Amino acid sequence: MDLHLKVWRQSNREDKGRFVDYEAKNISSETSFLEMLDLVNEELIKKGADPIAFEHDCREGICGSCGIVINGRPNGPLRGITTCQLYMRSFKDGDSIFIEPFRAKAFPIIKDLIVDRSSFDRIMSAGGYISVNTGGAPDANSILVPKDKAESALDAAECIGCGTCVAVCINASAVLFVEAKVSHLARLPQGLPEREKRVEAMVSQMDKGGFGACSNTEACSFECPKEIGHDVIAQLRREYYRANLISKE
Ligand code: SF4
Ligand code: FES
């Protein structure tokens with residue numbers, strides 16, 4: 001199929017940026033969206049032009065690096081996938097496709113479709129860890145984890161830090177991401193020693209990072225490629241209020 005692309009080009013953080021038209025010709029429906037961009041880039045490189053910058057690593061929905069906005073939706077028209085898991089069979093011959101980066105104050109654009117998501121790293125540094133006593137390797141069974149707790153922690157641990165929740169939110173809120181990380185650790189016995197400190201530090205860093213507040217539209221859960229449910233939001237609030245009460249006692 002032949003496609004008309006309108007791609008956001010921006011040379012650096014200061015550049016104002018603009019959409020530029022490209023033609024993607026003779027694209028197979030079995031090509032992935034990122035492979036389609038690879039083909040466009042090959043043609044640009046042959047002509048001596050600057051290829052379109054986009055981020056990617058695993059191309060398997062694991063690393064969370066590839067998110068872009070396609071026709072106004074983070075990761076394109078399907079739910080429950082990352083951009084690298086999108087295939088061109090979701091489009092028709094002759095389609096026009098708008099391709100742009102995630103838009104959020106906390107995710108400044110580095111170049112073209114690549115944004116700086118280090119604000120997420122700073123939230124993780126603030127509290128997304130557990131204490132580890134150094135020494136001999138601990139016995140794997142020394143802390144027993146009930147099956148239901150392990151499974152619910154793993155549900156929250158599916159978050160890949162992609163930033164889709166921020167990109168889709170009208171307030172650019174990072175609440176779903178923070179909740180997934182807080183819930184993952186709060187649901188395990190290994191995460192309990194820093195329980196109160198963690199939630200306060202991560203929420204405080206989220207506020208400093210330039211993210212907006214949650215207004216409960218649930219767009220974040222709807223578009224999250226890992227389908228992190230809104231139940232973790234309730235858990236974050238419980239954890240936060242609990243930590244506040246304990247610190248006031
Ligand atoms: S909560 Fe979902 S959308 Fe948000 S960063 Fe994690 S995986 Fe991505
Ligand atoms: S490239 Fe790793 S999730 Fe898409």
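**Exercise 1. Describe the largest pocket of this predicted model by its volume, its lining and the classes of its lining residues.**

Solution. Begin with the volume, which for the largest pocket of this predicted model comes to about 320 Å³. Next, turn to the lining, to which 13 residues contribute, with Ser131, Asn133, Pro138, Ile143 and Gln190 lying nearest the centre of the pocket. Finally, sort the lining residues of this largest pocket by class, which gives six nonpolar, five polar and two charged.

**Exercise 2. Determine which helices supply the lining of the second largest pocket, and how that lining divides by class.**

Solution. The second largest pocket has a volume of about 210 Å³, and its lining consists of 14 residues, of which Val175, Val203, Met206, Leu236 and Arg237 are nearest the centre. Assigning the lining to helices shows that α5 (175-186), α6 (195-208) and α8 (231-248) each provide at least two residues, and that α8 gives the most, with five residues. By class, the lining of the second largest pocket holds ten nonpolar residues, one polar residue and three charged residues.

**Exercise 3. Work out how helix α2 is oriented relative to α6, and name the residues through which they touch.**

Solution. The axes of α2 (residues 118-127) and α6 come within 8 Å of each other and cross at roughly 155°. Since angles over 145 degrees count as roughly antiparallel, α2 is therefore roughly antiparallel to α6. The crossing in which α2 passes α6 is right-handed. On the α2 side the contact is formed by Arg122, Ile123, Met124, Ala126 and Gly127, and on the α6 side by Arg198, Ala201, Met202, Gln205 and Met206. Classifying the residues of the contact of α2 with α6 yields six nonpolar, two polar and two charged.

**Exercise 4. Carry out the corresponding analysis for α3 and α5, giving the handedness of their crossing and the residues in contact.**

Solution. For α3 (residues 147-157) and α5, the axes come within 8 Å and the crossing angle is roughly 155°, and these two helices are therefore roughly antiparallel to each other. Their crossing is left-handed. The contact joins Ala153, Ala156 and Ala157 of α3 to Ala180, Ser183 and His184 of α5. The contact of α3 with α5 comprises four nonpolar and two polar residues, with no charged residue.

**Exercise 5. Establish the relation between α5 and α6, and state which residue classes are found in their contact.**

Solution. The axes of α5 and α6 come within 11 Å and cross at roughly 165°, and from this angle it follows that α5 and α6 are roughly antiparallel to each other. The crossing in which α5 passes α6 is right-handed. The residues that α5 brings to the contact are Val175, Val178, Lys181, Val182, Leu185 and Ala186, which meet Arg198, Val199, Met202 and Met206 in α6. By class, the contact of α5 with α6 has eight nonpolar and two charged residues, but no polar ones.

As a last step, connect this contact with Exercise 2: Val175 and Met206, which take part in the contact of α5 with α6, are also among the residues nearest the centre of the second largest pocket.

Technical notes: Residues are numbered from 1 along each chain as its sequence is written. Chains are lettered from A and ligands numbered from 1 in the order in which they are written. This is a predicted model: local features need pLDDT of at least 70, side-chain atom pairs count only at pLDDT 80 or more; totals for chains, interfaces and linings use all residues. Side-chain values use heavy atoms; hydrogens and water are left out. On a 1 Å grid over the protein atoms alone, a cavity is a set of points where a 1.4 Å probe fits but cannot get out, and a pocket is an open set with protein on both sides within 12 Å along at least five of seven lines; lining residues have an atom within 4 Å of a point. Grid points are joined across faces, edges and corners, and a volume is the space filled by probe spheres set on the points. Ala, Val, Leu, Ile, Met, Phe, Trp, Tyr, Cys and Pro count as nonpolar, Asp, Glu, Lys and Arg as charged, and the others, Gly among them, as polar. Helices (H or I, at least four residues) and strands (E, at least two) are DSSP runs, numbered from the N terminus. Axes are lines fitted to C-alpha atoms, for helices over the stretch in contact, and angles run from 0 to 180 degrees between N-to-C directions. Angles under 35 degrees count as roughly parallel, over 145 as roughly antiparallel, 65 to 115 as roughly perpendicular and the rest as oblique. A crossing is left-handed if the near helix is turned anticlockwise from the far one by less than a right angle, and right-handed if clockwise. Contact means heavy atoms within 4.5 Å.
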